[in-house]
Every structure is written in C-alpha cells, then in structure tokens.
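Biologist: I'd like a close look at one part of this complex. Could you pick out a single helix and walk me through what surrounds it?

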Amino acid sequence: MHDSNFSEIAKLNTTHKHRTLADLAVGGQSKVVSVHGDTELRRRLLEMGFVNGVEVTVVRRAPLGDPIEFRLRGYNLSLRRDQARHVYVKD
Amino acid sequence: MTSCCADSTEHLLAAGTITVALAGNPNSGKTTVFNGLTGLKQKVANYPGVTVEKKTGSCKLPNGAVANIVDLPGTYSLISRSPDELVAMEVLRGLRPDTPAPDVVVAVVDASNLQRNLYLISQLIELGRPMVVALNMMDVAASRGLAVSPQRLEAQLGVPVIPVVGHKRKGIPELKAAILRAKIAPLPDFSLPQAMQEELILVGGGLAILGDHEDGKSCGRREYLDRQIALAERLLIGDRADDLKQIWTREPVSSLLEHSAHRLSQLGIDPMQADIEAHYRWIDEVSAATVQSSGSATGAAAQPASHFNRAAAFSEKIDSILIHKFWGLITFALIMGTLFLAIFWLAQPIMDGVQWAINHGGAWAVHWLPEGPLRAMLTDGVIGGVGTVLAFVPQIALLFMFLAILEDSGYLARAAFLMDRLLAKVGLHGKSFIPLLSSFACAIPGIMATRTIENRRDRLATIMIAPFMSCSARLPVYTLLIGVFFAKYGHLTQAGIMLGCYALGIIAAVLTAYFFKRTFLKSVATSFILELPSYKMPQMSQVARQVVLNAGKFVTRAGTTILFFSVVLWALAYYPHLPKDKQAALAASGADDNAIAAAQSGYSIAGQIGHGMEPAIRPLGFDWKMGVGLISAFGAREVFVSTMGITYAVGDTEGGKTNDLQAAMVKDRYPNGRRVWTPLVAISLLVWFVLALQCMSTIAIARRETGGWRWPIFMVLYMNVLAYVASLAVFQLGGLIWHQAV
C-alpha cells in the first residue's frame, strides 16, 4: 500500500512522525501539506480537494472512533482513520 | 469526435435531433433536473456489458428540435475507476457504441458546494464539447448566505450558466433555450510547473510525429499540436482509459512517457498531483470571483471551510444528536424499530380489506361462471394466487416509502457513517449498509446498489449476504405462519417473532461475511470516502415517485411472474383431476371437504412431486404439501402462500366454498391423525425461509452483477444447504425438547 513517491518521503523530516489528519482533535483545524498512499487512494483524496494548502476541520468522529468526519471547501466528507493517516498536515 | 473548428451548436439547429448528456456530482440534484427536462418521457435500461443503469429521456427544445437526454451516473471525476464513473467518461468521450457522443453536455452544479463541483467542470471543459452549466440548488446556497452569481460564473467559464432550482422546476425553460446556445469553453490556463510543461511539449511533439497526419490536415497545425499536448497530459497524469490504449502501449510512446515521468520525479514533481492542484488553483480563482458570502466585503479568497452559516449550522445541530456516540445509536435503533413495527401494524387493516375483496371476487366468479376448469382457474389460480400476494403490497409500499424518506433526507449517509466501524469489523464497508438495508425491501435493488462499492471483494461479499436480509417477499410467509400459530399470544409476541426472523437473517449474514472475508474473499483494508450531504426535507414528490416506481416493480412481478407460476401451479395441482365417482365415493365414506381436496392434491402432478420429495424433508417437519410449496417458492417466495392457498382449496370450488387458508391448515392431519401443522413445524419452516435462497430473480441479478454463474450457483448451494441443516436442527432438537415425535 505504501508505494508512494519515495522522493517525497525523502524530502520530509524523517526524524519525527509527521502530523496527520487522524491526529487532529475534534474541532481542530489544519492545512494539508502532502498526501500519501497508493496511487488510487492519492488520486481520490486529491480529487476530493485534499490538495496542498487547503484548510481542513475535524467535525466529529463516529461513536466507535472511526470513521472521521471532516469539513473542507464547504462540504463534509468522511474518511477512515487508515486513510486520514495518509494526509499530512501542518504542525 | 466533434470537428475542432465548430464552437457552437448553431449548426445543429438544422438537425432534427441532438444528444444531450447530463453530467454532475452525486447529490447535485441532477435527477431533479433530468426529471424537469424530460417529465414522464423517461426510460431506464442498462448499459450493455456493464451493470450501470442507463437513464434516457427526451424533450422538445424551443426551436422544435428534439433533445435525447442521457442522464449519466453521478461522478466526482472522469479518471477514476468505479464502474459508474467509467461509463460516464466513456459516454462523454463517445467511446460507447450503444450511446452516440453527446452534442451538448449539460453540467449540473450544486451552487451551495461550488468548489468541489467545479472539479468535474474543469475536466468537462478539457473534453472540449459544447457545454451549458445548470447552476442548481440556488435556494440552498441562498439559505446559507452564499451569493452565487450565474453571470459572473458565465464570465469566468465562457459558457451559458443558467440558475435552476431543480426540485421546484424553476429555470427549466431557460435551460432548454440555453442548450441551443451551448458553447465549447475556452481552455483555462491551468498553471502547471514549468518542468512539467516542458515534458508535455516533448511528449506532445512525439505524439504528433507518430500520430495520424490526416487529423492534422483538417485543422490548423497549432490546433493539432495543442490537441497532442492535451493527449500527452492525459497520458502523463495516469489516465488509462480505453481510447488511449492504442497509444501508450506502443513502443516509442511508452518509453517517452517513462522517461518524462522519471525526470519529473527526480525534481519531486508528481504529474497527477500537479495536474489536480493546478485545477484547484483555477477553481479557487473562479470560486472567489463568483461567490460572495454575506458578511464579507468582496468575497475574494473566501474560505468556505472557515465559517459556518445558518443551514449548515442547522445540519450540524441535527448531526450532533444523530451521530452522537450514545444518542446517535439510540436514535438509529428507534428509527429502525419504528419502521418495522409500523409496517407490521399499519398494514394490517389494509391487508384485511384486500383479503375481503379477494374472497368476494372468488365468490362472484363461482356465482357467475359455470362449473369447470375455467372457473377453477380463475378462483384458485388467478384470484387466489395473485390476489393473496397483492394483499401485501401495502406493507411493501410502506417499506419502500420509509427507505426513500431516509435516503432523501440525507439520513442514510449518516447511517452508513455510524455503521461503518461495525461493518468494517466483519470485513465489510460502510457503503455496504445501504445495499443491505435496501435488501430488506428486495434484494434485487439492494444488489444493484452495490456498484458504489469500489473494491470487488467487498462488493462480492455484500452481494453474497444481501439475500439473508429478510426481504419483503418473505413477509407474506412470515405473516401467514406467525399468524396461524401465534396469534393467540397477541401483537407484541407476533412482532417479536417476526423481529426474531429478521435477526436470524442478520446474524447469518454477519457470520457469513466474517467467514468469507477471512478466507476466500480476503482483501486489503479498503478505503472509505463518504460524502455527507446536508440534511433536507425529503421531497414528498420524489418519495412518492420512488414508492410508486418500486411498488410498481413488485406488482409487475406479481402480475407476470407470480401469475404465471400461480396458473402453472394450479394446473399442476388440478390435472389430472379426480374423477367424479371417486369424489362421490370419498364423500359418501364421510371424508370432509379438506380430505377430498387433499386427495385431489395427491392425485395431481404436483402432488406426485411432493410425495417424492417427502422423505427428504420429513426430518425437517415438512410434509409433501409444503414440499410443493417450497419448490414453487423458487420462482418467487410469495408464491409459497398462494400455493398453500391452492393446495388446500383445490376441490372446494366444486362445492362453492372459498376456504380460509389458515383454518384449513390448522385442521390438516396426517393419515395417522397427528396434526400436520404445529408451532414447531411453523418455526422450522420459518427458519428455512429466513436462510434459503429461493428467488430466481435474485439469482439472475447476482449473475448480472458478478458477471458469471460461478457466484450465483455458489450462493444457491451455500444458502440452501445452510437452510436445510438449520431447519433440521431446529425441528429435531425442538422435538426432543417438547417431546414431539417426528
């Protein structure tokens, strides 16, 4: 699943784990930095608007913690934690 | 392909018919626009070769020309892989032999959600076909304090933009007029990284050299080069649609692409990402120029994500309860519970009414028609069979109505959100929830709805277990069996047992899914991206439309399949007919009407088959009459009830009486005097019906959706063996506990 751009990963600071959408608290907000994962997942996420610089807010989590509801560009979208972890956000 | 030089549809004015494709995001209100344009002149079919629904219709344009409108499946993008999106892309590019390339594309855009909707628009513009934008849901945008200006959007895009409120039918005439003014949008200057632009020119040049020079002669050289560069872009970003296959598999091209991609990745550029980001930069510009939200001076660079507006806040308030950890699940259980109780309780008076009508119809036939096969066929075959089943239409209509309301209001998406974690534990998908829920009405639309599940194995697993959700066709059987033996315990117990049947189905489904997903349907963790549309009041006209459509489908099934089976079954039970002297002899020896009826049944072909089967099903508590019923139920489960009706009533038409089925069943006895129907037998039969796959239509649909016979056959074997074993266990163990010898 992690056949993402190696050059991208190399560019990131690998000494600490990067903050992802899955790490945001409910009500928290951050800007997208990069999107990882296999090609299809990346394409889907990017096409839905998770491009660099977009502001994303965490609206809520489902009762069992998963999936997570986000708000971006004026609409609501749910992602599983597994996918949300592939979207890196600004610290 | 359209000629690259025409830039409007004026030349089509001469033609009598044009093809219009309706494209747009899911939840953009495309369907209401389609309904508004075509009215009742619609047709639903299937795209050959795939299991995607094809909706077409027609309307008259102001100049007298006829527009054939194709309502494409809702899509987010033209490059993605789900079957729906693939078909949409193919139709738009004119790649499908069954659908002509559209002359005009009408893009339906949700005004309250402009940014995300514009992504598809940006791709449609790249297609280069004459286009019109229908700016829908203007009312929703207004209620959110978003001032979306059609004029400014038109200035930005360069195509006619018509404001529309689909579900109120506003703007439709203007839209029709605009179709005649459709224009090819000028290609925006998507700002790609410099290095990527250079690679595009390189690859584009290569394609031009290798390409078909005939093309180059019909347009200017510049135009031709532009098109090759656009082609290069499609290839570089990873578009692998069928029309490109010939190109990127050929040797000079595939090396060119490989080297370009390599050089770009050295620079840290991912073509796919760069392309999408360039589109979104353009979207930001267009959106900023078009939308003004109340409270901000110019609206420039407004970030919709950062402020809440009235209607969105209202949706949020509702969601905070409905998706709450605790309250959400409670509400969910309440809603589902009410649904089922209401169906069981509300429908009863209506059903009684229909039953009364049936009895009178039968009596009328007996009164007016001479004795003989025709009268027998009408009373038992036709009226008895079909009528009994039609009595259940109220229940089914109610179920469809509730489902339609839940879907239209936006609640169903929330339900998928809530249920995803649970479903994921079994290896399924949140998106499986709606197909499975629909299967409670009928597994056929449920199985068809699985095409939104992208992962093939998840999809298969969902299709496999959909028939376990007790469908509406089982309701008549449940009601009959529960009513006969447990009516004396009151409504609550009956509802309880019925809920138990549903629960058994669900448990079987869960265990099956778990087992399958662990073994041969194993797949990698699947993605889950679900859009939660904002809540809206369900449009009762839409709901009514859905109910009528679906209930109508059920009735036509009753009308055709079941009528056919009822008559066939009647014939199997009527012929060969007991000769009159034998009947008289029986009557003389004191046999009552039922015994004569039973003798007739045994004498007929159906009876012979049933008798032959009996040894195999006695251990389950079933006798040969039930055996006949089970076989007939294969055509459609409801037919079981009508078969019972026929098997117990045959022979009584001579005497001019129409038997009440339930009374007849209770009175039935084996030759040794023991009761045929006992509560334990009823339960064993119920278990069978919950678990067995007895529906030819379901098998046919499963075959279509899975693309072969392998899975449907497996389903039949698995479910019926399971049903046999379960019924066996229930009856034998129950017998031991209650000392009822077999």
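Modeller: Here is a walk from one helix of chain B out to the core, the domains and then the partner chain.

First, some housekeeping. Residues are numbered from 1 along each chain as its sequence is written, with chains lettered from A and ligands numbered from 1 in the order in which they are written. This is a predicted model, and local features need pLDDT of at least 70, side-chain atom pairs count only at pLDDT 80 or more, while totals for chains, interfaces and linings use all residues.

The helix is α21 of chain B, residues 474-486. Helices (H or I, at least four residues) and strands (E, at least two) are DSSP runs, numbered from the N terminus. With 13 residues, α21(B) reaches 17 Å from its first C-alpha to its last, close to the 18 Å expected at 1.5 Å a residue; that expected span is 1.5 Å times one less than the number of residues.

Is the helix mostly covered or mostly open? Mostly covered: 10 of the 13 residues of α21(B) are buried. Buried here is a matter of counting: 20 or more other C-beta atoms within 10 Å of a residue's own, against 12 or fewer for exposed and partly exposed in between, with C-beta atoms placed from the backbone. The buried set includes Arg474(B), Pro476(B), Tyr478(B), Leu481(B) and Phe485(B).

Leu481(B) leads us outward. Along with Met401(B), Leu685(B) and Leu686(B), Leu481(B) touches the most other members of the largest nonpolar core, which has 93 residues. Such a core is a set of buried Ala, Val, Leu, Ile, Met, Phe, Trp, Tyr and Cys residues joined through C-beta atoms within 7 Å. Helix α30 of chain B (residues 679-691) gives the largest share of this core, 10 residues. Domain 3 (327-518) and domain 4 (556-738) of chain B both contribute residues, so the core lies between them. Apart from it is another core, of 86 residues, among them Met89(B), Val105(B), Val109(B) and Ala185(B). As for Met401(B), its contacts, leaving aside neighbours within four places in sequence, are with Val543(B) and Val547(B); a contact means C-beta atoms, placed from the backbone, within 7 Å.

The domain assignment also gives chain B a domain 1 (10-184) and a domain 2 (194-268), with bounds that come from an automatic or database domain assignment. Five residues of domain 1 of chain B are in contact with five of domain 2.

Zooming out, chain B has 32 helices and 11 strands, and 47% of its 742 residues are buried. Its mean pLDDT (the predictor's confidence in each residue, from 0 to 100) is 77, and 79% of its residues reach 70 or more. Treat residues 295-308 of chain B separately: pLDDT stays under 50 there. Residues 650-659 of chain B are also below 50. For the complex, the predictor gives an ipTM of 0.84 and a pTM of 0.70.

The partner, chain A, has three helices and five strands, running α-β-α-β-β-β-α-β from the N terminus on. Buried residues make up 46% of its 91 residues. One backbone oddity to look at is Arg73(A), whose phi is near 50 degrees, a positive value in a residue other than glycine. Arg73(A) sits in the loop between β3 (68-72) and β4 (75-79) of chain A, and counts as buried because it has 25 C-beta neighbours inside 10 Å.

Notes
Contact = placed C-beta atoms within 7 Å.
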